[in-house]
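Trainee: Could you take me slowly through the part of this model that surrounds the ligand, and then show me how the charged side chains pair up elsewhere?

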Amino acid sequence: MKITAIRGFRDILPEESASWQVLTSQARASFAAYGFHEIILPVLEKTELFARAIGETTDIVEKEMYTFIDRDDSSLTLRPEGTASVIRAYIEHSLHQKEPVSKLFYIGPMFRRERPQKGRYRQFHQIGAEILGRDDALIDAELLLMLNDFFTALRLDVSVDVNSLGCSNCRPQYRERLRAFGESKFAVLCENCHGRLHRNPLRILDCKEEGCRQATKDAPVIADFLCDPCRQHFAQVQALLRQENVLITVNPRLVRGLDYYCRTSFEFIALGLGSQNAVCGGGRYDGLVEQMGGPAIPGIGFAIGVERLAMLLQAQERIVATAPDLFIAPMGEVAESQAFAVARRLRQGGYRIESESGSRSLKAQMRRADKLGVRYVLIIGENELQAGKGTIRDMQTKTDRSLAVDLSSSAQDLMNAIRDTSDQPSAISRQSEGAEHSSKPEV
Ligand code: AMP
């Protein structure tokens, strides 16, 4: 029987991985500008970490984790999200003693046993970041600005929803008021919401069921319950974002799924993704570090869904596949080993070279070169070889010219000769010159 990948787990093939490359390099660049450093975390953690951080009664912990008992009887879980691991590492390595403020980002796979559908997988990837050690409105606005810069650099149209979830002083009153409201609509709420009313009534606001949405249309909003410090904090976050011309929408229904959020919470929504259109979600979690056994240090963070963003980039056909710099077409066995040597020399010089076996016909090789989108083909034939020569075919202009192939010259000289730089000096591109070579959005 044919073995296939597990349902909800997928292969990212080269045509898609090109956009991942773009996303992750842009994230690294945008985050570095704001002083973030990467943290590389294990994918497997003790189950209790997530039970403690995310909350025993959340969908993730109750239904979605990949948990198994290891050979030593300990319960382990494939991480369903990154924040819990960042906090664990932060406490474990006493990072707060090294720096008053830690700005950390991570990139990697997460695992949730959800119902797979377009844009929703069981192994998916997140680019996430956390700031630990500050709770002022400026830092919240800064984090949102960084995300805005990231999406702008990718030229993706996203809208930003923000809300404040209050704090442990003001949220309990709101939660009780909302619960009472929910009880009054009990008959029309879905079964899930019945459970939510009991455990975390705020979540009835983000139920996707139409009946529940209608029933909660006039639900009390948290903005009316915020205490003065929370109100001022939220007002300042909004003012700073507006000052920087970031378009935000205050969405009182934005409550986020996890128990640990407080104050600023936000979501970035992309157009054109269908129902799974949330590309980034995050918020403040001031009590979490302490709850996890660390000092009372506030935090805020987010996670971006890589698959969904990659889908967007691809839908906009903005990723240009990278063509090799040169295709070397040997004709015959002797030419083959010469081609082999030239290819190696140029590759060592940082050029992208594709080549073929000398037993394939020239026609077949040219067809392949054409498909790869290369501009120049170096044809090495048996006869020319004696004279240390090759033929350069410019696939764009469809012209041929003869070239002296001198393996004692440097890779760059060789490549310059191939490209005939007297015609186009600016066409030289080498890997050492940086991002020029990688797949990138057309700008
Ligand atoms: P969350 O950690 O639930 O706040 O999710 C943050 C982001 O990760 C979401 O906005 C999605 O873009 C992405 N995401 C969450 N769950 C999945 C999933 N099962 N498959 C693909 N992307 C996901």
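**Around the ligand and beyond**

Mentor: In this predicted model, the residues that form the shell around the ligand divide into six nonpolar, three polar and five charged. The shell holds 14 residues, and the closest are Arg112, Glu114, Tyr121, Arg256 and Ala278. Two of these closest residues also offer backbone atoms to the ligand: a polar backbone atom of tyrosine 121 is 2.8 Å from a nitrogen atom of the ligand, and a polar backbone atom of alanine 278 is 2.8 Å from an oxygen atom of the ligand. Cysteine 280 also takes part through its backbone, with an N or O atom that lies 3.5 Å from an oxygen atom of the ligand. Taken alone, the ligand exposes 480 Å², and the protein buries 88% of that area. If you ask which elements give two or more residues to this shell, they are strand 6 (123-132), strand 10 (278-284) and strand 11 (299-305). Strand 10 supplies the largest share, three residues.

Glutamate 114 leads us from the ligand to the charged pairs, as it is among the residues closest to the ligand and its side chain also meets that of arginine 120 in a salt bridge, with 2.2 Å from N to O. Glutamate 114 counts as buried, because its relative accessibility is 14% and the cut-off for buried is under 20%. As a general point, side chains of opposite charge can pair when their charged atoms come close. A search of the whole structure finds 21 salt bridges, and one of them joins glutamate 142 to lysine 103, where the closest N and O atoms are 3.3 Å apart. Glutamate 142 lies in helix 6 (residues 137-153) and lysine 103 in strand 5, so this pair ties together parts that are 39 residues apart in sequence. The two partners are not covered alike, for glutamate 142 is partly exposed at a relative accessible area of 25%, whereas lysine 103 is buried at 18%.

Another salt bridge links arginine 134 with aspartate 136, and here the closest N and O atoms are 2.6 Å apart. Arginine 134 is partly exposed, with a relative accessible area of 26%, and aspartate 136 is partly exposed too, with 25%. Elsewhere, salt bridges that share partners join Glu354, Glu356, Arg360 and Arg368 into one network.

Strand 5, where we met lysine 103, covers residues 102-111 and also includes serine 102. Serine 102 is buried, with a relative accessible area of 6%. Once its neighbours within four places in sequence are left aside, serine 102 is in contact with Tyr90, Leu95, Glu130, Ile131 and Leu132.

Finally, two residues deserve a look for their backbone angles. Most residues other than glycine have a negative phi. Aspartate 73, although it is not a glycine, has a positive phi of about 75°, and arginine 263, also not a glycine, has a positive phi of about 45°. Their settings can be set side by side: aspartate 73 is found in the loop between strand 3 (66-69) and strand 4 (75-78) and is exposed, with a relative accessible area of 65%, whereas arginine 263 lies in strand 9 (residues 262-270) and is buried, with a relative accessible area of 14%.

Conventions
Residues numbered from 1 in each chain as written. Predicted model: local features only at pLDDT ≥ 70, side-chain atom pairs only at ≥ 80, totals over all residues. Heavy atoms only, no water. Helix = DSSP H or I, 4+ residues; strand = E, 2+ residues; numbered from the N terminus. Buried < 20%, exposed > 50% of the residue type's maximum accessible area, 1.4 Å probe, protein only. Contact = heavy atoms within 4.5 Å. Near = heavy atom within 4 Å. Polar contact = N/O pair within 3.5 Å; in protein donor to acceptor, adjacent residues only side chain to side chain. Areas by Shrake-Rupley, 256 points an atom, 1.4 Å probe, with all protein chains shown as cover. Nonpolar A, V, L, I, M, F, W, Y, C, P; charged D, E, K, R; others polar. Salt bridge = Lys/Arg side-chain N within 4 Å of Asp/Glu carboxyl O.
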